[in-house]
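Got your viewer open? Load the model, colour it by secondary structure, and follow along one selection at a time.

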Amino acid sequence: MPQSTHHAPTATHLRIANIMLGGKLGGIEHALLDTSEALRAHGHAVTAIIRAGAAIAPALHAAHIPTLALRAPYRWNLLARAQLAAALRTYDVILLHGNRAGSLTRGIRHLPPTLAVVHSRFFKP
């Protein structure tokens, strides 16, 4: 039998920013936690970027997922946008969950590849 010359790809470990800016505890928040844990289980370095005081924060801390908490994460808050823009440039990939995450990152230049996870038909890109 001929030997295969195909080689399995080498694993690349990425630095991933997983962003969700809701305050309550619901489906999107659990998706943030689940994706963070799954990506970390595959060897990636994941940071959850959340709203300060978000209800999901204790679960993220219990799972030992690093967090960056933003105060008043609204598009009009130039300080929050500047803080987020500076932080995001240190990642390889960005995952967005929900409209707030999309709104806050919209227009920030020189971002790494960004994926929006659509949880509802009401997503506004």
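Start with a bit of vocabulary: a crossover is called right-handed if, with the strands pointing away from you, the path from the first strand over the helix to the second runs clockwise. Hold on to that idea, as you'll use it on this tour. Also keep in mind that what you're looking at is a predicted model.

**Stop 1: the whole chain**

Show everything as a cartoon. You should find four helices and five strands, and from the N terminus on they run β-α-β-α-β-α-β-α-β. The protein has 125 residues, of which 38% count as buried.

Now colour by pLDDT. The mean is 84, and 86% of the residues reach 70 or more. Next, select residues 1-10: pLDDT stays under 50 there, and the model gives this stretch zero contacts beyond four places in sequence.

**Stop 2: the sheet**

Hide the helices for a moment. In what order do the five strands sit in the sheet? Reading across, it goes β3-β2-β1-β4-β5, in an open sheet with parallel pairing. β3 and β5 stand at the edges with a single partner strand each, so one side of each has no neighbour in the sheet. Turn the view a little and look for the twist, which averages 20° from one strand to the next.

**Stop 3: β1 and its two partners**

Select residues 15-20, which are β1. Is this strand mostly covered or mostly open? Mostly covered: five of its six residues are buried.

On one flank, five bridges join β1 to β2, and the two run parallel. Pick A17 and you'll see T47 of β2 standing opposite. To get from β1 to β2, the chain goes through α1, and this β-α-β crossover is right-handed.

Five bridges also join β1 to β4, again running parallel. Here, select N18 and look for L95 of β4 opposite.

**Stop 4: β4, β5 and the helix between**

Select residues 93-97 for β4, then add β5; four bridges join these two parallel strands. Two pairs to click on are L96 opposite A116, and H97 opposite V117. Bring back α4, residues 99-105. Together, β4, α4 and β5 make a right-handed β-α-β unit, so you can try the clockwise check from the start of the tour.

**Stop 5: helices on the sheet**

Show α1, residues 27-41. This helix packs on the sheet and touches β1, β2 and β4, with its direction making about 170° with that of β1.

Then show α3, residues 78-88, which lies across β1, β2, β3 and β4 and runs at about 160° to β3. Which residues of α3 are buried? Select A80, R81, L84, A85, A87 and L88. Look down the axis of α3: these buried residues fall within an arc of 165°, so they line one face of the helix. An α-helix has 3.6 residues a turn, so residues three or four places apart point the same way. The buried residues of α3 pack against β1, β2, β3, β4 and α4. On the other side of α3, select L78 and L79, which are exposed.

**Stop 6: a meeting of two loops' worth of chain**

Go to L25, in the loop between β1 and α1. Leaving out residues up to four places away in sequence, L25 touches H30, A55 and I56. Try the distance tool on L25 and I56: they're 31 residues apart along the chain, yet their C-alpha atoms are separated by 6.1 Å. Links across the sequence turn up elsewhere too: among contacts between residues at least 6 apart, 53% join residues at least 24 apart.

**Stop 7: two histidines**

Finish with H64, in the loop between α2 (57-62) and β3 (67-70). Its phi is near 60°, a positive value in a residue other than glycine. Is H64 buried or exposed? H64 is exposed, with a relative accessible area of 65%.

Now jump to H110, in the loop between α4 and β5. The phi of H110 is near 60° too, again positive in a residue that isn't glycine. H110 is exposed as well, with a relative accessible area of 67%.

Conventions: Residues are numbered from 1 along each chain as its sequence is written. This is a predicted model: local features need pLDDT of at least 70, side-chain atom pairs count only at pLDDT 80 or more; totals for chains, interfaces and linings use all residues. Side-chain values use heavy atoms; hydrogens and water are left out. Buried means under 20% relative accessible area, exposed over 50%, partly exposed in between (1.4 Å probe, protein chains only). Two strands pair if DSSP finds at least two bridges between them. Axes are lines fitted to C-alpha atoms, for helices over the stretch in contact, and angles run from 0 to 180 degrees between N-to-C directions. Contact means heavy atoms within 4.5 Å. pLDDT is the predictor's confidence in each residue, from 0 to 100. The arc is that of the directions from the helix axis to the C-beta atoms.
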